[in-house]
Amino acid sequence: MTRLILASQSPARTKLLSNAGIAHEVLVSDVDEDAVQARYGVTDPHDTALLLARAKAEAVASLPEADGALVIGCDSVFEFDGEAHGKPYTAEVAKERMLRMSGSIGVLHTGHWLVDCRDTDNSYDDDGGRAGSGATLGSVSSAEVHFMDMSEAEIDTYIATGEPLQCAGSFTIDGYGGAFIRKVDGDPHTVVGLSISTLRGLLGQANVGVTELWTGGAVDPAEVRAE
């Protein structure tokens, strides 16, 4: 069976893959994001998301544990008023951003980078699976996020949950923050941090069909409707 490794510690990303029935392992990269950006000097939010996704994927692809697998790295950057916003980390930064975002629109860019670590020398690898493509390629999925008006009291209460401090742009769509998002133009999975359709496209370029990774463990629509 083809192995897929997610180079991210994000619970939201691994939950997305699991809910889509996509078999995967998790290996966290030890990438210093600030150092990577300082080295390349990338300021455009779109390019920054792709650069950091590539750095994470390549860091994990270099590990012995990734041998024979496909590695997907992801990174999200929020663009607002022409500025790139990563994780706020502090309540003060989160509040300043959210007061500006209230009633406004921003764009969430999620970079994806895929590295094929399977053996390319033979028709089949040592485990009996198809040989690798040697692919190392990426793509960015972007979605426009429309925020509702937020009161200062709501923002303070939201920040007190701790949720926005570790999220690009200081918000989530799949947690408390969903209460403040009016609509999303684009793939909503992009806002969570991993576009399943974008992953499908990258896998296809590496000659792997997404259905090859299906486990039969996707969320049952009947269970979702019954909740």
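The exercises below, each with a worked solution, concern a predicted model.

**Exercise 1. The largest nonpolar core**

Find how many residues the largest nonpolar core has, and which elements each supply at least two of them.

Solution.
- Step 1: Count the members. The largest nonpolar core has 21 residues.
- Step 2: Pick out the residues with the most contacts inside this core. They are Leu-4, Ile-22, Ile-72, Leu-114, Leu-194, Leu-199 and Leu-203.
- Step 3: Assign the core to elements. At least two residues each come from strand 1 (3-6), helix 1 (11-19), strand 3 (69-80) and helix 7 (196-205). Helix 7 gives the largest share, four residues.
- Step 4: Look at one member in detail. Outside its neighbours within four places in sequence, Leu-203 touches Leu-70, Leu-114, Val-208, Val-210 and Leu-213.
- Step 5: Check for another core. One of 18 residues lies apart from the core of Leu-203, and its members include Phe-80, Leu-108, Ile-159 and Leu-165.

**Exercise 2. Two residues in strands**

Decide whether His-112 is buried or exposed, and do the same for Val-77: buried or exposed?

Solution.
- Step 1: Locate His-112. This residue belongs to strand 5 (residues 105-116).
- Step 2: Apply the cut-off. A residue is buried when its relative accessible area is under 20%. The value for His-112 is 0%, so His-112 is buried.
- Step 3: Look for a polar partner. A polar atom of the His-112 side chain lies 3.1 Å from the backbone oxygen of Thr-110.
- Step 4: Turn to Val-77, which is in strand 3. Its relative accessibility is 5%, and therefore Val-77 counts as buried too.
- Step 5: List the contacts of Val-77. Leaving out neighbours within four places in sequence, they are Pro-45, Thr-48, Ala-49, Ala-84, His-85, Val-107, Leu-108, His-109 and Ala-168.

**Exercise 3. A pair of helices**

Describe how helix 4 and helix 5 pack: at what angle, and how far apart are their axes?

Solution.
- Step 1: Take the geometry. Helix 4 (residues 91-101) and helix 5 (residues 152-160) pack at an angle of about 145 degrees, and their axes are 10 Å apart. Their crossing is right-handed.
- Step 2: Name the residues in the contact. Helix 4 contributes Ala-91, Ala-94, Lys-95, Met-98 and Leu-99, while helix 5 contributes Glu-152, Ile-155, Asp-156, Tyr-158 and Ile-159.
- Step 3: Sort these residues by type. Seven are nonpolar, none is polar and three are charged.
- Step 4: Consider another residue of helix 4, Glu-92. Glu-92 is exposed, because its relative accessible area is 59% and the cut-off for exposed is over 50%.
- Step 5: Compare sequence and space. Glu-92 and Leu-165 are 73 residues apart in sequence, and their C-alpha atoms are 9.8 Å apart.

**Exercise 4. Positive phi**

State the phi of Asp-81 and of Asn-207, and say where each residue lies.

Solution.
- Step 1: Recall the background. Most residues other than glycine have a negative phi.
- Step 2: Read the angles. Asp-81 has a positive phi near 55 degrees, and Asn-207 has a positive phi of about 65 degrees.
- Step 3: Place both residues. Asp-81 is in the loop between strand 3 and strand 4 (83-85), whereas Asn-207 is in the loop between helix 7 and helix 8 (221-226).
- Step 4: Judge exposure. Asp-81, at a relative accessible area of 60%, is exposed. Asn-207 counts as exposed at 54% relative accessibility.

Conventions
Residues numbered from 1 in each chain as written. Predicted model: local features only at pLDDT ≥ 70, side-chain atom pairs only at ≥ 80, totals over all residues. Heavy atoms only, no water. Core = buried A, V, L, I, M, F, W, Y, C linked by side-chain atoms within 4.5 Å. Buried < 20%, exposed > 50% of the residue type's maximum accessible area, 1.4 Å probe, protein only. Contact = heavy atoms within 4.5 Å. Polar contact = N/O pair within 3.5 Å; in protein donor to acceptor, adjacent residues only side chain to side chain. Axes fitted to C-alpha atoms, helices over the stretch in contact; angles between N-to-C directions. Left-handed = near helix turned anticlockwise from the far one by under 90°. Nonpolar A, V, L, I, M, F, W, Y, C, P; charged D, E, K, R; others polar.
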